[in-house]
Structures are given as C-alpha cells and as structure tokens.
Amino acid sequence: MKLKYLSLLLLPLSLQLTAQEIKAELNKEVKRQEKISYLLDYPKNSKENVPLIVFLHGSGERGNNLELVKAHSPFTYKNLIKEPVAILAPQCPTDSWWDTVSVYNLIKEIQKKHKIDASRIYLTGLSMGGWGTLKLAMEHPEMFAAVASVCAPTDQVMTANIQQFKDLNMKIFHGGMDDIVLPENAFKFYQKLHPVNPTAELVIFPNDNHNSWDSTYSNPKLYEWMLSKKKDK
C-alpha cells in the first residue's frame, strides 16, 4: 500500500524528467483575404502627382454606408485646402476596430492606381480613428510626411514602441473636457513622445469635449502645416 502511494508521489517527478524543451521558429507565408470599402476624393484632370490625405473615422461611422465617412472630417472643410489633394477615407466594418494592415495595403493600392506623390502622404483620424492613426504611424513611420491624431485612445503597445515616432512630424489634438476619451490619454502619450520627438506638438482645446475634431479640422493652419511637410526619400 505504501509503495503504491510512493509511486504516485514520484509520478510528477518522472513527468518532469521526460519533458522536452523545443526551440524552433515558424516560417510560413500566410495569405489573407482583405476587403475594405473606401471613398476617394481625387482632383479632376490632374496631370501631376498629388498629395494624399488619409482619414480614419471614429466608431460612429462604421458600417457599409460610405457617406458616413465624410462626417466630422477634412471632407467638410475641403475649401480650406489651398492646393489639389486626394483624400482617402476607408470604412471600418461594424463591430470592428481598425485593421491597420488592410489600411496600409489600401494606401499602397491607391498609389498604384492613381498619381500620388509618395513624399506627401498624410495621416489623420479621430477617436477610434485617432487610435488607428497612431497605430499605423507606429507600424509604418516611413510612409507618412505628417501625422495628426484627434481625441485618440492610446495603448501600451504605442508607448512601448515610442521610438517608432521619433522622426515623424506629429500633432496630437484633444479636448480638455473630453469625458469619452479622457485627456490623460493625450498627456501620457505626449510625455513619452516629447523626449524622443521634441518637435511633436500637443494641442489641447480647453473647452472642447470629445468633439475636438471640429476645432481641429476647421482650422486652415492644420492643412497648411500638413502640406508643408515632405518625406525625405
């Protein structure tokens, strides 16, 4: 009887002794189907390569009605933009957050199909789209001449990879009274960002709630700043 209990006690030890530690790597090409709807506003009869502004909407504009992506966006203030530009606005599916891999591939596809100045691609977005803006800029800083996030949630992945933002022309906009995405998101992110990118700017609209996009996109100086930036090749 005692021997039986002894054998049970020794069982975990015997399992440990027979365990095998395997170090390896998976190296496999994985193909994925991508489907993303978008609206592209492109200058008529343009013979020259034009700048591209990529706009990522917030959670309220998700779905399959492309007219929604124009809301609260640079589309509303096109008259403030003083030179011909293309504006690209993809639409995020319902109940999803931005898939930045798909957005990146969409931008590359637009570059193939249209006359786009690769040194003047700009990225902006609000709320959920502000998060997507920061995520995509973190993943592909080489693509964008300037980046502007508006009332954006931030996450630990962004702050852990803050060095990715060091060479970007950046502005961070937020409402001082935002009770949806608290201004602390902007403050904490900027605290990490400023030491690696001293030219980055934090703009707080003290009397704005979550809708700081109105103050951001209605200001012609935003577009002047964006379009003055050019990516070195």
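**Exercise 1. Find out whether Tyr38 is buried, partly exposed or exposed, and list what Tyr38 touches.**

Start with the cut-offs: buried means under 20% relative accessible area, exposed means over 50%, and partly exposed lies in between (1.4 Å probe, protein chains only). Tyr38 has a relative accessible area of 30%, so Tyr38 is partly exposed. Keep in mind that you're looking at a predicted model, where local features need pLDDT of at least 70, side-chain atom pairs count only at pLDDT 80 or more, and totals for chains, interfaces and linings use all residues. Residues are numbered from 1 along each chain as its sequence is written, and side-chain values use heavy atoms, with hydrogens and water left out.

Next, place the residue: Tyr38 is in strand β1 (residues 37-41). Helices (H or I, at least four residues) and strands (E, at least two) are DSSP runs, numbered from the N terminus.

Now the contacts, meaning heavy atoms within 4.5 Å. Leaving out residues up to four places away in sequence, Tyr38 touches Leu66, Leu88, Ala89, Pro90, Gln91, Leu106 and Ile110.

**Exercise 2. Pick up Ile110 and work out where it sits and what it touches.**

Step one: Ile110 belongs to helix α2 (residues 100-113). Step two: its relative accessible area is 1%, so Ile110 is buried. Step three: not counting residues up to four places away in sequence, Ile110 touches Tyr38, Leu40, Leu88 and Ile116. Finally, check one pair along the chain and in space: Ile110 and Leu40 are 70 residues apart in sequence, with 8.9 Å from C-alpha to C-alpha.

**Exercise 3. How many disulfides does a search of the whole structure find?**

A disulfide is a pair of cysteine sulfur atoms within 2.5 Å. Searching the whole structure with that rule gives 0 disulfides. You can still ask how covered some cysteines are. Cys92 counts as buried because its relative accessibility is 1%, and Cys151 counts as buried because its value is 0%. To place Cys92, go back to Tyr38: the two are 54 residues apart in sequence and 9.0 Å apart in space, C-alpha to C-alpha.

**Exercise 4. Which strands pair with β5, and which of its residues are buried?**

Two strands pair if DSSP finds at least two bridges between them. On one side of the count, 5 bridges join strand β4 (residues 116-126) to β5, and these strands run parallel. Then 4 bridges join strand β5 (residues 146-150) to β6, again running parallel.

Look at single partners next. Ser149 of β5 has Gly125 opposite it, and Ser149 also stands opposite Ile172 in β6. Ala148 stands opposite Lys171 in β6.

For the faces, recall a rule: in a regular strand the side chains alternate between the two faces of the sheet. In β5, Ala146, Ala148 and Val150 lie on one side and Val147 and Ser149 on the other, and all are buried.

**Exercise 5. Explain why β6 is largely enclosed, then follow the chain to β7.**

All the evidence is in one count: 6 of the 6 residues of β6 are buried, so the rest of the structure largely encloses β6. Met170, Ile172 and His174 point one way, while Lys171, Phe173 and Gly175 point the other way.

Moving on, 5 bridges join β6 to β7, and the two run parallel. One bridge partner in β7 is Glu201, which pairs with Lys171. Together, β6, α5 and β7 make a right-handed β-α-β unit. Right-handed means that, with the strands pointing away from the viewer, the path from the first strand over the helix to the second runs clockwise. You'll find another such right-handed unit in β4, α3 and β5.

**Exercise 6. Describe the length, the kink and the packing of α5.**

First, length. The expected span of a helix is 1.5 Å times one less than its number of residues. Helix α5 (residues 184-196) has 13 residues and reaches 19 Å from first C-alpha to last, close to the expected 18 Å.

Second, the kink. The bend at a residue is the angle between axes fitted to the seven residues ending there and the seven starting there. In α5 there is a kink of about 30°, centred on Tyr190.

Third, packing. Ala186, Phe189, Tyr190 and Leu193 are the buried residues of α5, and they pack against α3 (128-139), α4 (156-160), β6 (170-175) and β7 (201-205).
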